[in-house]
Amino acid sequence: MKKPVIDYEECIGCGSCVELCPEVFEVNDDEVKAYVKAEDKCDTCDCEEAIGICPTEAISWSEE
Ligand code: SF4
């Protein structure tokens, strides 16, 4: 199953992925970085679009 993963080095915490997929992504208030809180919830949104909209291309698919 494909799962979204975030490269924390690249993420700037802009929040775009959270706006698109609030069930999947969340921004960590302390580190101002996004993280994947529910990798199996892409069926509630369009993770592909979130990957496309990320300004730093920090999100990608993992096949693991
Ligand atoms: S869209 Fe990209 S840069 Fe913005 S919070 Fe999400 S992962 Fe980080």
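Is Asp29 buried or exposed? Select Asp29 in this predicted model. Asp29 has 8 other C-beta atoms within 10 Å, so it is exposed, since a residue with 12 or fewer counts as exposed. Asp29 sits in the loop that links E2 to strand E3 (33-36).

**Across from Asp29**

Keep Asp29 and add Asp40. These two are 11 residues apart along the chain. Draw a distance between their C-alpha atoms: it reads 23 Å.

**Glu31**

Now select Glu31. Glu31 also belongs to the loop between E2 and E3. Glu31 counts as exposed because 11 C-beta neighbours fall inside 10 Å. Add Ile6, which is 25 residues away from Glu31 along the chain. The C-alpha atoms of Glu31 and Ile6 are 14 Å apart.

**The whole chain**

Zoom out and colour by secondary structure. The chain has two helices and four strands. Starting at the N terminus, the order is β-α-β-β-α-β. The radius of gyration is 10 Å, close to the 11 Å that the globule rule gives for 64 residues, so the chain is as compact as a globular protein of that length. Along the principal axes, the C-alpha atoms fill a box of roughly 30 × 20 × 20 Å. Colour by burial next: buried residues make up 22% of the 64 residues. Then turn to contacts. Among those with a separation of 6 or more, 54% join residues 24 or more positions apart.

**The ligand shell**

Select the ligand and show what surrounds it. The shell holds 16 residues, and the closest are Cys11, Cys14, Cys17, Ala34 and Cys54. Helix H1 (16-20) and strand E2 (25-28) are the elements that give two or more residues to this shell. Colour the shell by class. What appears is 12 nonpolar residues, four polar and no charged ones.

**The nonpolar core**

Which residues have the most contacts inside the largest nonpolar core? Select Cys17, Cys21, Val24, Phe25 and Ala50. The core has 13 residues in total. Two elements each give two or more residues to this core: E3 and helix H2 (47-53). Cys17 is worth a second look, as a name on both lists: it is among the closest residues to the ligand and among those with the most contacts in the core.

**Last stop: Val24**

Stay in the core and centre on Val24. Leaving out residues up to four places away in sequence, Val24 touches Pro4, Val36, Lys37, Ala38, Glu39, Lys41, Cys42, Cys45 and Cys47. Show these partners as sticks to finish the tour.

How values were computed:
Residues are numbered from 1 along each chain as its sequence is written. This is a predicted model: local features need pLDDT of at least 70, side-chain atom pairs count only at pLDDT 80 or more; totals for chains, interfaces and linings use all residues. A residue is near a molecule or strand if its C-beta atom, placed from the backbone, lies within 6 Å of it. Ala, Val, Leu, Ile, Met, Phe, Trp, Tyr, Cys and Pro count as nonpolar, Asp, Glu, Lys and Arg as charged, and the others, Gly among them, as polar. A residue is buried if 20 or more other C-beta atoms lie within 10 Å of its own, exposed if 12 or fewer, and partly exposed in between; C-beta atoms are placed from the backbone. The radius of gyration is taken over C-alpha atoms; the globule rule is 2.2 Å times the number of residues to the power 0.38. Two residues are in contact if their C-beta atoms, placed from the backbone, lie within 7 Å. A nonpolar core is a set of buried Ala, Val, Leu, Ile, Met, Phe, Trp, Tyr and Cys residues joined through C-beta atoms within 7 Å.
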